[in-house]
Amino acid sequence: MVRLRLGLDIKDISYRVGVSTATVHDVFTTWIHFLYCHLMEIDWWLPRHSIRRLMPEAFKAAFPKVTCIIDATELFTERPSDRSHQAAFFSQYKHHHTVKALVAISPSGHVMFVSELYTGGISDREITKRCGFLNKLVPGDQVMADKGFTIADILMDVGAALVLPPFLKTDHQFTKQQVLMCRKVASLRIDVERVIRRIKTYRFLQGIIPISSMFILDKVFAVCSYLTNFLPPLVR
């Protein structure tokens with residue numbers, strides 16, 4: 001947990017506790033596998049009645065059918081040595097080599113789904129299609145996202161709907177109703193950004209992650225994400 005929370009280097013921990021770097025590496029890897037296996041035994045996806053019961057009043061008033069809020073997040077990585085991997089890992093949005101995950105939370109701020117990590121060049125639409133998130137939805141669900149998620153059609157295929165801020169058409173201004181809708185969505189959708197910031201308080205996920213950590217990074221990100229569910233709620 002010290003390595004996760006404080007992001008201490010293996011050599012640093014080795015020096016502090018007086019054991020070899022190989023021992024620190026093995027202990028860390030073992031515990032990540034252990035935590036991951038046990039956390040993944042839990043079905044984090046809340047049933048619809050629980051989502052409604054825990055839903056904040058602001059959501060109930062504006063979007064009572066929203067099941068989850070989604071967003072993608074990226075972690076900086078070292079540049080891969082392989083040129084083909086360099087292109088795949090490069091994020092046009094971050095202008096850096098990254099890996100990317102999809103995170104879904106309930107309206108009450110509970111982390112319900114975390115995808116595996118994909119190379120940073122993947123689009124929000126493609127990661128939504130590939131990662132298994134769609135399998136969690138049932139007909140009648142509504143998913144809140146930002147404008148980058150052009151996924152209305154693939155949600156429709158599973159009977160779900162997309163809640164987005166209104167798009168501004170060329171040479172037009174937002175109507176008063178559209179402005180109000182933008183504000184409502186923005187004020188509620190920001191909760192997923194707050195949850196992602198909480199996940200990234202684990203310093204292992206901060207800075208530039210070495211390629212040597214890629215073998216376990218999927219599990220580390222999932223562990224850090226689901227552990228936040230044991231913290232006091234962000235949304236009330």
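**Entry 1: the second largest pocket**

I began with the second largest pocket of this predicted model, and I looked up which residues line it: there are 19 of them, and Arg-3, Phe-204, Pro-210, Ser-212 and Ser-213 lie nearest its centre. Two elements, α3 (21-39) and α10 (214-227), are the ones that give two or more residues to this lining, and of the elements it is α3 that gives the most, with 3 residues. For the volume of the second largest pocket I noted about 350 Å³. When I sorted its lining by class, I wrote down 9 nonpolar, 7 polar and 3 charged residues.

Since Arg-3 had turned up among the residues nearest the centre of that pocket, I also checked what its side chain does, and I found that the charged end of Arg-3 sits over the ring of Phe-28, 4.9 Å from the ring centre. I added a second case of this kind to the page, in which Arg-5 lies over the face of Tyr-202, at 3.9 Å from the centre of the ring.

**Entry 2: the largest pocket**

I then turned to the largest pocket, for which I recorded about 490 Å³ of space. Its lining counts 24 residues, and those closest to the centre are Ala-72, Thr-73, Glu-74, Tyr-93 and Lys-94. Which element supplies the largest share of this lining? I found that it is β1, with 6 residues, while β1 and α9 (176-199) each supply at least two. By class, I divided the lining of the largest pocket into 6 nonpolar, 9 polar and 9 charged residues.

**Entry 3: strand β3 and its partners**

Glu-74, which I had just listed close to the centre of the largest pocket, led me to strand β3, where Glu-74 stands opposite Lys-100. Strand β1 (residues 66-76) and β3 run antiparallel and are joined by 8 bridges. I asked myself whether strand β3 (residues 96-105) is mostly covered or mostly open, and the count settled the matter, with 9 of its 10 residues buried.

I went on through the other strands that pair with β3, and I kept a short list of them.

- Strand β2 (residues 90-91) is antiparallel to β3 and shares 2 bridges with it; Phe-90 has His-97 of β3 as its bridge partner.
- Strand β4 (residues 111-114) pairs with β3 in the antiparallel sense over 3 bridges, and there I found Val-103 standing opposite Val-114 of β4.
- Strand β5 (residues 118-119) is joined to β3 by 2 bridges, again antiparallel, and Lys-100 stands opposite Tyr-118 in β5.

Lys-100 therefore appears twice in my notes, because I found it opposite Glu-74 and also opposite Tyr-118.

I looked at the turns as well. In the hairpin that β2 and β3 form, 4 residues lie between the strands, and His-95 in the turn has a positive phi of about 55°. The hairpin of β3 and β4 has 5 residues between the strands, and in it Gly-109 takes a positive phi near 95°.

**Entry 4: aromatic pairs**

My last search was for aromatic rings that pair, and the count came to 6 pairs. I took up Trp-44 and Phe-230 to begin with, whose ring centres are 6.0 Å apart and whose planes stand at 90°, so I entered the pair as edge-to-face. Why does this pair tie together parts that are 186 residues apart in sequence? It does so because Trp-44 lies in the loop between α3 and α4 (48-54), whereas Phe-230 lies in the segment after α10. On exposure the two part ways in my notes: Trp-44, at 8% relative accessibility, counts as buried, and Phe-230, at 56%, counts as exposed. I also noted that Trp-44, Tyr-226 and Phe-230 form one aromatic cluster.

The other pair I examined is that of Phe-113 and Phe-133, which is tilted, with 5.9 Å from centre to centre and 55° between the planes. Phe-113 lies in strand β4 and Phe-133 in the loop between α7 (124-130) and β6 (142-144), so this pair ties together parts that are 20 residues apart in sequence. I found Phe-113 buried, with a relative accessible area of 8%, and Phe-133 buried as well, with a relative accessible area of 0%.

Methods. Residues are numbered from 1 along each chain as its sequence is written. This is a predicted model: local features need pLDDT of at least 70, side-chain atom pairs count only at pLDDT 80 or more; totals for chains, interfaces and linings use all residues. Side-chain values use heavy atoms; hydrogens and water are left out. Buried means under 20% relative accessible area, exposed over 50%, partly exposed in between (1.4 Å probe, protein chains only). Two strands pair if DSSP finds at least two bridges between them. On a 1 Å grid over the protein atoms alone, a cavity is a set of points where a 1.4 Å probe fits but cannot get out, and a pocket is an open set with protein on both sides within 12 Å along at least five of seven lines; lining residues have an atom within 4 Å of a point. Grid points are joined across faces, edges and corners, and a volume is the space filled by probe spheres set on the points. Ala, Val, Leu, Ile, Met, Phe, Trp, Tyr, Cys and Pro count as nonpolar, Asp, Glu, Lys and Arg as charged, and the others, Gly among them, as polar. Rings of Phe, Tyr and Trp (its six-membered ring) pair if their centres lie within 6.5 Å; planes under 30 degrees apart count as stacked, over 60 as edge-to-face and the rest as tilted. A charge sits over a ring if NZ of Lys or CZ of Arg is within 6 Å of the ring centre and within 35 degrees of the ring normal.
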